[in-house]
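Grab your viewer and a notepad for a few short exercises. Try each task on your own before you read the solution under it.

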Amino acid sequence: MERFTEEVIEIIQHIPHGKVMTYGQIGELAGSPRSARQVVRILHSSSKKYNLPWHRVINAKGEIGLKQEGPATEQIFLLKVEGIEITD
């Protein structure tokens with residue numbers, strides 16, 4: 001596994017309950033600014049394998065990045081359970 005991928009996974013694993021980070025913030029902390037799309041791919045392919053709190057990762061606009069209704073609804077539900085306020 002590439003070092004960047006390892007860093008991204010570790011950062012996502014340590015996002016605290018009730019907090020969120022953006023794809024870009026994660027990429028920058030992992031040492032590669034402007035790598036938000038790579039973070040998306042890593043999150044998508046590694047969430048189940050590493051039991052990542054995927055729902056705590058949002059886009060740069062502070063929005064749910066998922067487009068499919070089912071997963072987006074699940075993310076909103078999980079964030080609300082953690083006390084994160086969701087607005088329209």
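The exercises below work through a predicted model, going from helix packing to single residues and then to pockets.

**Exercise 1. Work out how H1 and H3 are oriented relative to each other, and which residues make the contact.**

Step 1: start with the general recipe. A pair of packed helices is described by two quantities, the angle between the axes and the distance between them.

Step 2: get the two values. Helix H1 covers residues 3–13 and helix H3 covers residues 36–46; their axes are 10 Å apart and the packing angle is about 70°.

Step 3: classify the angle. Angles from 65 to 115 degrees count as roughly perpendicular, so H1 is roughly perpendicular to H3.

Step 4: list the players. H1 brings Phe-4, Thr-5, Val-8, Ile-9 and Ile-12 to the contact, and H3 brings Gln-38, Val-39, Ile-42, Leu-43 and Ser-46.

Step 5: sort them by class. You should end up with seven nonpolar residues, three polar ones and no charged ones.

**Exercise 2. Find the buried residues of H1 and say what they pack against.**

Step 1: pick out the buried positions. In H1 these are Phe-4, Thr-5, Glu-7, Val-8, Ile-9, Ile-11 and Ile-12.

Step 2: look at what surrounds them. The buried residues of H1 pack against strand E1 (21–22), H2, H3 and strand E2 (57–58).

**Exercise 3. Decide for Tyr-23, His-55 and Lys-67 whether each is buried or exposed.**

Step 1: take Tyr-23, which sits in helix H2 (residues 23–29). Its relative accessible area is 12%, and the cut-off for buried is under 20%, so Tyr-23 is buried.

Step 2: check the company Tyr-23 keeps. Skipping neighbours within four places in sequence, Tyr-23 is in contact with Ala-36, Val-39, Val-40, Leu-43, Val-57, Ile-58 and Asn-59. For one of these partners, Ile-58, the separation is 35 residues in sequence, while the C-alpha to C-alpha distance is 6.5 Å.

Step 3: move on to His-55, in the loop between H3 and E2. At a relative accessible area of 9%, His-55 is buried too. If you ignore residues up to four places away in sequence, His-55 touches Gln-75, Leu-78, Leu-79 and Glu-82.

Step 4: finish with Lys-67, in the loop between E2 and H4. Exposed means over 50%, and Lys-67 has a relative accessible area of 77%, so Lys-67 is exposed. As a distance check, Lys-67 and Ser-45 are 22 residues apart in sequence and 17 Å apart in space, C-alpha to C-alpha.

**Exercise 4. Describe the largest pocket and the second largest pocket by volume and lining.**

Step 1: do the largest pocket. It holds about 560 Å³ of space and is lined by 21 residues, with Leu-43, His-44, Ser-47, Trp-54 and Leu-66 nearest its centre. H3 and helix H4 (69–81) are the elements that give two or more residues to this lining, and H3 gives the most, with five. By class, the lining has eight nonpolar, nine polar and four charged residues.

Step 2: repeat for the second largest pocket. Here you get about 280 Å³ of space and 13 lining residues, of which Gly-62, Glu-63, Glu-85, Ile-86 and Thr-87 lie nearest the centre. H4 gives the most to this lining, with three residues. The class split is seven nonpolar, two polar and four charged.

Terms used:
Residues are numbered from 1 along each chain as its sequence is written. This is a predicted model: local features need pLDDT of at least 70, side-chain atom pairs count only at pLDDT 80 or more; totals for chains, interfaces and linings use all residues. Side-chain values use heavy atoms; hydrogens and water are left out. Axes are lines fitted to C-alpha atoms, for helices over the stretch in contact, and angles run from 0 to 180 degrees between N-to-C directions. Helices (H or I, at least four residues) and strands (E, at least two) are DSSP runs, numbered from the N terminus. Angles under 35 degrees count as roughly parallel, over 145 as roughly antiparallel, 65 to 115 as roughly perpendicular and the rest as oblique. Contact means heavy atoms within 4.5 Å. Ala, Val, Leu, Ile, Met, Phe, Trp, Tyr, Cys and Pro count as nonpolar, Asp, Glu, Lys and Arg as charged, and the others, Gly among them, as polar. On a 1 Å grid over the protein atoms alone, a cavity is a set of points where a 1.4 Å probe fits but cannot get out, and a pocket is an open set with protein on both sides within 12 Å along at least five of seven lines; lining residues have an atom within 4 Å of a point. Grid points are joined across faces, edges and corners, and a volume is the space filled by probe spheres set on the points. Buried means under 20% relative accessible area, exposed over 50%, partly exposed in between (1.4 Å probe, protein chains only).
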